[in-house]
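Let's take a walk through a protein model, going from the whole chain to a few of its parts. Have the picture ready and turn it as you read.

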Amino acid sequence: MALSRALVVPLSLTAALALSSCASGSADPSATTAGGGPDGALTVQASFYPLEYVTERVGGDLVEVESLTPAGGEPHDLELSPSAVDSLRTADAVVYLSGFQPAVDDAVAQAAPEHVLDAAHAGVEGEEAHSAEEHAAAEESHAEEAHGEDAPAGESHAEEEQAAATGADGHDHGGEDPHFWLDPERLAAVATEVAHELAEVDPDNAAAYEANAEELSQELAALDEEFAEGLATCERDTIVVSHEAYGYLAEKYDLEQVAVAGIDPDTEPSPARLAEIGEVVEAQGVTTVFSESLVNPKVAETLAAEHGIETAVLDPVEGLVDESADYQQVMRENLETLRTALDCA
């Protein structure tokens, strides 16, 4: 299991006495009992939308999930209040992605929640989540080096420094693309790990969590097949995007990503980079520059206008703008947007 039992940070005298009472066999159920949500549901904090979606689907009615990133908020820029940090400490479980949101990384380290799942292990690394002991060692290692061994490689450009700044080949956040959820199979792997984590907290309902994860995994496998078939025969394979969020999608479906900005969508592209992208647009017959729902479209619109081509929204599904939609609906909208822009048969 990837469940981590983290070190406890210094507590107030009152909280310390409460823990001491618990350790000596206190009968106070509020001191140790999980399931503090409505109707006894587990309370889970997810760091941003894709992890919130997976946890809600796997937990079902047995889990009350809250996202640290507000609806419509840009997850890269997230800052957390003291109360939000405290919510990590009191939650029955926490699901987050290390290296994606520095504020969350800091908050997890500060709050030291007892039950925490880092989705990077199954999502970015593409392997089973670490045990409690391995997780502690991995967290220490993550502070020193990138951990995404099979993260998709970007394009090769003449100047590495420029590429890192623009997202052409380098990666922010420790040198990797964290947007693994744009590959549905990787998101399905995380669903399996979430089921394991919830079962560790709530073993009586382990079978329900496993069944929910399997149902979601089958749905995501079908979504993956739709993308594979829908993008199999296209006139073009180059996508010009606002920021480097589509590496996993591009690798999975044989596309070539050309990004205006790097992993951080606020990165300002240099004139040289814009000129380079313009050359790609002309050479590859690109018809569309993709903007995003949570990022200012000005650069994408200016670039498209300069070359007389269109713009369209390709959503990295970092957060929802339309709360009536969900991950799968947004992904299917992305598929149709890609098919139109790439002239897919």
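Below you'll find the overall numbers, then some helices, then one residue in a loop.

Keep in mind that this is a predicted model. The chain holds 14 helices and 8 strands. Of its 345 residues, 49% are buried. Its accessible surface is about 15700 Å², and carbon and sulfur atoms own 48% of that. What about contacts along the chain? Take those with a separation of 6 or more: 64% of them join residues 24 or more positions apart.

Now for two helices with plenty of cover. Here's how they line up:

| Helix | Residues | Buried residues |
|---|---|---|
| Helix 2 | 49-59 | 9 of 11 |
| Helix 9 | 184-201 | 13 of 18 |

Start with helix 2, which is mostly covered. Its buried residues include Y49, L51, Y53 and V58. Which parts of the chain do the buried residues of helix 2 pack against? They meet three strands, namely strand 1 (42-46), strand 2 (63-67) and strand 3 (93-96), along with helix 9, helix 10 (206-230) and helix 14 (327-341). Right after helix 2 comes G60, with a positive phi near 60 degrees.

Helix 9 is one of those partners. From first C-alpha to last, helix 9 reaches 26 Å, close to the 26 Å expected at 1.5 Å a residue. With 13 of its 18 residues buried, helix 9 is largely enclosed by the rest of the structure. Look at the N-terminal end of helix 9 too, where D183 acts as a cap: one of its side-chain oxygens sits 3.0 Å from the backbone nitrogen of E185.

Helix 10 and helix 14 also deserve a look as a pair. Their axes come within 10 Å and cross at roughly 5 degrees. Since angles under 35 degrees count as roughly parallel, helix 10 is roughly parallel to helix 14. Where they meet, helix 10 brings residues including L216, L220, L223 and F227, while helix 14 brings M331, L335 and L338, among others.

Last stop: A245, in the loop between strand 5 (238-243) and helix 11 (247-252). Is A245 buried or exposed? It is buried, because its relative accessible area is 0%, and buried means under 20%. Leaving aside residues up to four places away in sequence, A245 touches D177, H179, L182, Q257 and P316. You can also find A259, which is 14 residues from A245 along the chain, with 8.3 Å between the two C-alpha atoms.

Conventions. Residues numbered from 1 in each chain as written. Predicted model: local features only at pLDDT ≥ 70, side-chain atom pairs only at ≥ 80, totals over all residues. Heavy atoms only, no water. Helix = DSSP H or I, 4+ residues; strand = E, 2+ residues; numbered from the N terminus. Expected span 1.5 Å × (residues − 1). Buried < 20%, exposed > 50% of the residue type's maximum accessible area, 1.4 Å probe, protein only. Polar contact = N/O pair within 3.5 Å; in protein donor to acceptor, adjacent residues only side chain to side chain. Contact = heavy atoms within 4.5 Å. Areas by Shrake-Rupley, 256 points an atom, 1.4 Å probe, with all protein chains shown as cover. Axes fitted to C-alpha atoms, helices over the stretch in contact; angles between N-to-C directions. Parallel < 35°, antiparallel > 145°, perpendicular 65-115°, else oblique.
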